[in-house]
Amino acid sequence: MKKLKHNIVKELKISKYFSISIDSTPDISHVDKLSFMVRYVLETGLPVERFLCFVSNPGHKALDLTNAITNTLKSHDIDISDCRGQSYDSR
């Protein structure tokens with residue numbers, strides 16, 4: 001799993017620009033998690049969407065989600081200034 005994440009981050013950095021998609025999803029024990037996806041275009045021109053990780057849901061307030069996003073990107077050494085789009089789905 002670690003190698004797969006490493007490859008996703010490597011591809012994303014080569015592509016430079018990316019977008020994120022965050023969705024709130026309950027796990028089997030009914031605890032909310034955020035599924036964190038990234039979208040980018042490969043060197044071949046093929047657009048891809050990759051699952052990056054699950055993040056504990058800190059709450060539904062804007063500051064909580066902002067912190068979760070920035071911390072997740074920092075933990076994967078991804079520069080948020082290269083983010084060109086974002087989408088969210090929470091029910």
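## Contacts of isoleucine 20

In this predicted model, isoleucine 20 touches a set of residues that lie beyond four places away in sequence. Among them are Phe36, Met37 and Val38, together with Ile69. The remaining partners are Cys83, Gly85, Gln86, Ser87 and Tyr88.

## The nonpolar core

Ile20 is also one of the residues with the most contacts inside the largest nonpolar core, which has 20 residues. The others named for their contacts there are Phe18, Phe36, Val38, Tyr40, Leu52 and Ile78. Of these, Phe36 and Val38 also appear among the residues that isoleucine 20 touches.

Several elements build this core, each supplying at least two residues. They are helix H1 (2–15), strand E1 (18–26), strand E2, strand E3 (47–56) and helix H2.

## The cavity

The structure holds 1 cavity of 30 Å³ or more. The volume of the largest cavity is about 30 Å³. Its lining consists of Ile22, Leu34, Phe36, Val55, Ala68, Ile69 and Thr72. Phe36, listed in this lining, is also one of the core residues with the most contacts. Ile69, another lining residue, is touched by isoleucine 20.

Strand E2 (32–41) and helix H2 (62–75) each give at least two residues to the lining. H2 gives the most, with 3 residues. By type, the lining divides into 6 nonpolar residues, 1 polar residue and no charged ones.

## Serine 24 and its polar contact

Serine 24 is found in strand E1, an element that also supplies at least two residues of the core. Is serine 24 buried or exposed? Serine 24 counts as buried because its relative accessibility is 16%, and buried means under 20%. The side chain of serine 24 is joined to that of aspartate 32 by a polar contact of 2.9 Å.

## Two loop residues with positive phi

Histidine 30 is not a glycine, yet has a positive phi of about 65 degrees. This residue sits in the loop between E1 and E2. Histidine 30 is exposed, with a relative accessible area of 70%.

Where does aspartate 77 have its place? Aspartate 77 lies in the loop between H2 and strand E4 (83–89). Although aspartate 77 is not a glycine either, its phi is positive, at about 55 degrees. With a relative accessibility of 56%, aspartate 77 counts as exposed.

Key:
Residues numbered from 1 in each chain as written. Predicted model: local features only at pLDDT ≥ 70, side-chain atom pairs only at ≥ 80, totals over all residues. Heavy atoms only, no water. 1 Å grid on protein atoms, 1.4 Å probe; cavity = no way out; pocket = protein on both sides within 12 Å on 5 of 7 lines; lining within 4 Å. Points joined across faces, edges and corners; volume = space filled by probe spheres on them. Helix = DSSP H or I, 4+ residues; strand = E, 2+ residues; numbered from the N terminus. Nonpolar A, V, L, I, M, F, W, Y, C, P; charged D, E, K, R; others polar. Core = buried A, V, L, I, M, F, W, Y, C linked by side-chain atoms within 4.5 Å. Buried < 20%, exposed > 50% of the residue type's maximum accessible area, 1.4 Å probe, protein only. Contact = heavy atoms within 4.5 Å. Polar contact = N/O pair within 3.5 Å; in protein donor to acceptor, adjacent residues only side chain to side chain.
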